[in-house]
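Q: Hi! I'm new to this one and would love a quick tour. Could you walk me through it?

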Amino acid sequence: MARLIVVSNRVATPTETKGSAGGLAVGVFGALKDAGGVWFGWSGDVVSETVANAGPTLVQEGAVTFATVGLTKKDYDQYYRGFSNATLWPVFHYRNDLARYERDEYAGYRRVNAWLAHKLMKLIEPDDIIWVHDYHLIPFAEALRSEGLRNRIGFFLHIPFPSPQVLQTIPPHDELVKSLCCYDLLGFQTRNDQQAFHDYMAREARGVVRELGEKTGEKTGEKGRQGEHEGEIEAYGRKLRTGVYRIGVFPDEIAEQAARYESRQHVLDLKQSLEGRKLIMSVDRLDYSKGLVERFHAFEQLLEHSPEWRGKVTLVQIAPPTRSDVASYKVIREELEREAGRINGRYSGLDYTPIRYLSQQYDRWKLMSLFRESQIGYVTPLHDGMNLVAKEYVAAQNPDDPGVLVLSIFAGAAAELSGALLVNPHDATGMSEALERALAMPLAERRERHETNMAALRRNDLGVWRDRFLRDLASVPQPR
Ligand code: GDG
């Protein structure tokens with residue numbers, strides 16, 4: 001069996017792969033453990049040039065080598081904070097209004113990709129399969145190819161792929177797409193994202209796009225393949241495959257842990273403090289793509305238009321800050337604090353605060369047990385590649401008395417979770433109506449919706465996502 005090399009902007013630490021950090025790290029590590037190999041990327045540290053050049057630092061854990069490098073301040077500013085998070089992230093989430101373009105940041109982005117690729121070259125063996133993750137590393141395969149590498153290289157985009165006109169707001173859009181064509185397999189979260197890429201390839205890059213049709217589970221006998229289209233592209237002198245691979249979770253493990261933590265002190269404390277009120281739970285990295293302000297406004301409308309709910313329902317929003325040195329993240333944080341304060345000022349009582357806004361990180365299993373305790377999972381991003389919180393919320397419910405998922409149509413997860421109440425995050429009235437409907441939903445309907453969602457999660461769990469991608473990558477012809 002070929003070894004696997006995983007490349008991602010950040011590398012999980014060996015401890016994080018043991019369970020509590022998050023599903024993705026555990027899922028990817030599972031594949032690495034089976035095949036043996038290397039997990040390569042940035043350590044998360046900003047270091048001097050001498051230290052950066054001395055890397056990578058290698059840590060061995062069984063058959064897996066964790067190989068990490070530090071970044072200099074300049075590299076961090078240009079590659080990570082600049083082009084990745086102040087250009088690509090906003091544009092790929094349809095927020096061109098928040099994006100900036102600086103030529104030297106783009107140059108830094110390409111320089112760091114080339115430097116990382118050069119560092120990795122020494123660790124690659126001839127039959128290794130290379131799996132690169134996310135928007136920070138679009139030019140990575142091109143850099144490896146220019147060092148002469150012939151191995152199979154796949155890329156999975158965790159975030160949406162924008163429509164061609166939106167992508168074109170990034171001045172070097174054509175170079176980025178040409179770089180993507182140096183991969184052998186491109187994986188997208190949804191059919192929409194894949195289609196947007198195909199549209200660009202056909203219309204702007206004048207490539208040949210072949211839709212190879214929909215794979216059905218019946219034809220292949222495989223789990224979780226329904227609705228997953230395959231494509232083949234010929235462009236810039238290369239031939240590559242595209243596919244839809246919807247990322248999932250391990251639902252039974254989450255259900256088990258959420259139930260195990262149910263009687264812990266933090267849950268009892270929360271229950272006591274709610275004094276019988278209904279609980280709406282939201283958890284997101286603090287990011288403008290997650291639609292937090294719009295969500296607060298819809299909750300405010302519920303209190304405004306349905307006075308019977310005042311004092312009877314609490315929204316807990318957990319939002320650990322991320323990328324706080326990027327200007328637009330400071331703005332969203334201030335706006336959120338202001339809006340939570342304003343709404344609470346309007347509707348609080350001496351013993352009631354409608355929104356509890358917690359700007360901090362919580363333990364993963366604690367979060368799952370809070371999900372289980374709540375009546376509504378309120379997940380309303382403006383754009384989201386998949387949104388794992390929606391899936392975790394479903395998995396954490398008590399099947400005998402499940403909560404209701406209120407989910408944005410703009411989350412990739414909406415294509416699978418047909419048992420959710422789907423909402424448009426730009427429609428505050430529609431969202432507040434959905435909240436009301438969820439709060440009053442009879443048990444039989446809640447159970448039915450939950451079963452539908454759980455079946456979808458089991459059909460396409462994290463293992464299915466990972467194994468399908470790797471199997472498809474292994475089956476593409478070896479590049480010449
Ligand atoms: C990107 C794409 C795509 C959140 N707060 C805490 C915490 N979390 C965990 C959640 C979940 C993860 O972080 C967030 O994943 P999401 O999928 O919701 O969103 P992104 O971070 O934006 O991820 C997204 C994903 O990649 C995977 O492909 O689905 O669309 O944007 O697991 O539970 N975990 C802990 N404490 C917190 O306070 N422990």
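A: Happy to! One term to start with: a polar contact is a pair of N or O atoms within 3.5 Å. Also keep in mind that this is a predicted model.

Q: Good to know. How far is a nitrogen atom of the ligand from a polar backbone atom of Arg-364?

A: That distance is 3.4 Å. Since the cut-off is within 3.5 Å, the pair with Arg-364 at 3.4 Å counts as a polar contact.

Q: And how does Tyr-362 meet the ligand with its backbone?

A: Through a backbone N or O atom, which sits 2.5 Å from a nitrogen atom of the ligand.

Q: What about Met-386?

A: There the partner on the ligand is an oxygen atom, and a polar backbone atom of Met-386 lies 2.8 Å from that oxygen.

Q: How much of the ligand does the protein bury?

A: The protein buries 87% of the 730 Å² that the ligand exposes when taken alone.

Q: Which elements give two or more residues to the shell around the ligand?

A: Those are helix 14, residues 364-373, and helix 15, residues 388-396. Helix 15 has the largest share, with three residues.

Q: How many residues surround the ligand, and which are closest?

A: There are 21 around the ligand, and the closest are His-158, Tyr-362, Asp-384, Leu-388 and Glu-392. By class, the shell has nine nonpolar residues, six polar and six charged.

Q: Which domains does the shell draw on?

A: At least three residues come from each of domain 1 (4-248 + 462-475) and domain 2 (251-459).

Q: New topic: what lines the second largest pocket?

A: Its lining has 16 residues, and Arg-238, Lys-239, Pro-477, Pro-479 and Arg-480 lie nearest the pocket's centre. Strand 10, residues 238-244, gives the largest share of that lining, four residues.

Q: How do the residues of that lining divide by class?

A: Eight are charged, five nonpolar and three polar. The space in this second largest pocket is about 430 Å³.

Q: Switching to the backbone, where is there a cis peptide bond?

A: Between Gly-55 and Pro-56, with omega at about 5°. Pro-56 is in the loop that runs between helix 2 (49-54) and strand 3 (57-61).

Q: And what is the phi of Asp-134?

A: Asp-134 has a positive phi of about 80°, although this residue is not a glycine. You'll find Asp-134 in the loop between strand 5 (129-133) and helix 5 (140-146).

Definitions and conventions: Residues are numbered from 1 along each chain as its sequence is written. This is a predicted model: local features need pLDDT of at least 70, side-chain atom pairs count only at pLDDT 80 or more; totals for chains, interfaces and linings use all residues. Side-chain values use heavy atoms; hydrogens and water are left out. A residue is near a molecule or strand if one of its heavy atoms lies within 4 Å of it. A polar contact is a pair of N or O atoms within 3.5 Å; within protein, one must be able to donate a hydrogen and the other to accept it, and residues adjacent in sequence count only if both atoms are side-chain atoms. Accessible areas come from the Shrake-Rupley method with a 1.4 Å probe; for residues, only the protein chains shown count as cover. Ala, Val, Leu, Ile, Met, Phe, Trp, Tyr, Cys and Pro count as nonpolar, Asp, Glu, Lys and Arg as charged, and the others, Gly among them, as polar. Domain bounds come from an automatic or database domain assignment. On a 1 Å grid over the protein atoms alone, a cavity is a set of points where a 1.4 Å probe fits but cannot get out, and a pocket is an open set with protein on both sides within 12 Å along at least five of seven lines; lining residues have an atom within 4 Å of a point. Grid points are joined across faces, edges and corners, and a volume is the space filled by probe spheres set on the points.
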